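User: I'm new to this one and would like a close look at a single part. Could you pick a helix and walk me through how it sits in the model?

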Amino acid sequence: MNNQIQDQIESRRTFAIISHPDAGKTTMTEKLLFFGGAIRDAGTVKAKKTGKFATSDWMEIEKQRGISVTSSVMQFDYDDCRINILDTPGHQDFSEDTYRTLMAVDSAVMIVDVAKGIEAQTIKLFKVCRLRGIPIFTFINKMDRQGKEPLELMEELEEVLGIQSYAMNWPIGMGKEFLGIYDRYNNRIEQFRTEEKDRFLPVTDTGELAVDHPMKESTYYKQAMDDIMLLNEAGNDFDVEKIKNGEMTPVFFGSALTNFGVQTFLETYLQFAPTPQPRKTDNDVTINPVSDEFSGFIFKIQANMNPAHRDRIAFVRIVSGKFERGMTVTLARTGKTFKLTQSTQFLADDRETVNEAVAGDIIGLHDTGSYQIGDTITGGKKSFMYEKLPQFTPELFVRVTAKNVMKSKHFHKGIMQLVQEGAIQYYKTLHTEDVILGAVGQLQFEVFEHRMRAEYNVEVRMEPIGNKIARWIMNEEKVTESMSSPRSMLVRDRFDRYVFLFENDFAMRWFQDKNEGIELYSLL
């Protein structure tokens with residue numbers, strides 16, 4: 001591989017922003033795009049009355065509710081780096097989309113609300129990052145509001161998440177008394193709500209303010225100095241290796257909404273965030289990003305990003321080599337070869353044709369139905385598959401029909417396209433072929449209903465059939481249709497595999513006692 005391409009790969013930083021809902025994740029994404037010059041005006045998520053919506057929320061339902069329900073992909077340049085941000089949905093009903101997105105990044109930025117601390121969804125997402133050993137950078141947000149004491153938050157990080165922490169900066173005051181941050185890493189104080197020329201104040205070798213300033217008389221400044229002394233004496237030492245291995249998280253304090261501390265965070269993050277990392281195949285072979293051969297995997301499929309064209313985009317994380325538009329690739333699952341002629345890069349719903357991209361980049365490929373989530377595409381002579389992406393076992397199920405039978409063609413087309421995105425799962429009964437949908441959370445069904453109406457012009461009727469325990473079968477040849485009953489319904493999934501939907505644990509145990517030869521398994 002020539003040096004120019006290697007330099008391009010090493011300039012890439014690809015990360016996901018994770019958090020509990022309302023911690024300020026999408027707002028943070030907006031501000032990072034703003035610094036990268038990708039947008040001129042950062043809109044807040046909740047400014048619905050002004051008609052100004054977050055750039056990364058492109059779907060109609062996201063604009064109405066002020067939440068993110070899909071993972072957006074955005075790219076911009078900053079400080080000689082090409083940055084790929086994946087803004088994930090925070091709501092737990094969309095955790096499957098988020099989990100898969102975390103498979104496509106090299107690091108994660110965790111946003112924590114200063115008032116709420118570590119919340120349930122943050123813990124879940126954090127565990128996925130730990131499983132993969134990816135570095136985690138923490139931004140404690142909303143410092144311009146009252147919240148928990150900073151030392152308490154640091155303690156919470158270590159105790160609840162079981163990760164060492166290192167404060168890169170430290171808040172001086174909070175809420176209405178928020179004066180700024182003491183930047184431990186850059187040895188300076190950054191003032192809150194001040195002119196750009198007065199933004200930074202120097203500190204002495206001993207860490208005190210080096211200039212006369214009213215802040216010196218503040219009790220908040222004195223408290224911050226005491227806290228920093230405590231951190232210097234009793235806190236963790238800064239350890240680059242531990243950060244790389246996901247064993248230590250650098251912690252930054254700031255306020256994304258007021259754009260305070262975000263630029264300092266971004267500049268420091270870029271110094272320590274990993275470049276594109278190697279990835280293993282399903283045969284445990286490690287593929288290096290600087291390999292000469294192009295390869296990548298599909299971690300997301302999104303229908304109707306452009307409603308006018310009813311299109312579908314497969315999002316590809318490039319793992320190795322260089323992509324060139326028009327190149328011939330092999331789809332490992334089918335062995336088929338074809339040319340990649342329609343390729344795009346994104347700023348939420350704005351996109352442009354991309355002619356070249358390298359390992360670490362995320363590109364979108366026009367999909368006519370060829371791709372599935374988890375597919376590997378390769379550009380060399382060798383075909384291989386990357387490790388499988390996680391798929392969840394759904395817990396909630398509904399029976400779905402079209403209100404207008406004349407629209408059954410649109411109904412089936414809409415369902416199959418939305419099912420391919422991976423958020424809802426499709427099943428059909430054996431003889432009547434009734435459509436049953438499964439999801440991890442209720443909100444997925446609401447989004448499905450909304451999108452069927454808005455994007456396919458089909459009104460649907462959804463009849464809840466409650467919580468079920470879905471189990472697939474290892475030895476399908478031993479299954480007979482007579483095993484199906486109201487309490488252990490036998491259906492087929494979209495890959496035509498048998499699945500039992502059990503009413504509850506008791507029904508599943510009863511079935512297993514009666515049919516000892518049937519080997520059941522679940523997804524994640």
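Analyst: Here's a walk along one helix and the strands around it. Keep in mind that this is a predicted model. The protein chain has a mean pLDDT of 85, with 88% of its residues at 70 or more. Two stretches fall below 50, though: residues 40–59, which still have 60 contacts beyond near neighbours in sequence, and residues 65–71, which have 37 such contacts.

Now to helix H7, which takes in residues 219–234. Its 16 residues, at 1.5 Å each, should span 22 Å, and the end C-alpha atoms are indeed 22 Å apart, so the two agree.

Which residues of H7 are buried? They are Tyr221, Ala224, Met225, Asp227, Ile228 and Leu231. Look down the axis of H7 and these buried residues fall within an arc of 165°, so they line one face of the helix. Over on the other side, Thr219, Glu233 and Ala234 are exposed.

So what covers that buried face? The cover includes helix H6 (150–161) and strand S6 (164–167), along with S7, strand S8 (180–183) and S9.

Some of those strands belong to an open, antiparallel sheet of four, in the order S7-S8-S9-S10. At its edges are S7 (169–172) and S10 (200–202), each pairing on one side only. From one strand to the next, the twist averages 25°. Zooming in on one pair, S9 (residues 188–191) runs antiparallel to S10, and three bridges join them. In one of the bridges, Glu190 is partnered with Phe200 of S10.

Technical notes: Residues numbered from 1 in each chain as written. Predicted model: local features only at pLDDT ≥ 70, side-chain atom pairs only at ≥ 80, totals over all residues. Heavy atoms only, no water. pLDDT = per-residue confidence, 0-100. Contact = heavy atoms within 4.5 Å. Pairing = 2+ DSSP bridges. Helix = DSSP H or I, 4+ residues; strand = E, 2+ residues; numbered from the N terminus. Axes fitted to C-alpha atoms, helices over the stretch in contact; angles between N-to-C directions. Expected span 1.5 Å × (residues − 1). Buried < 20%, exposed > 50% of the residue type's maximum accessible area, 1.4 Å probe, protein only. Arc of directions from axis to C-beta.
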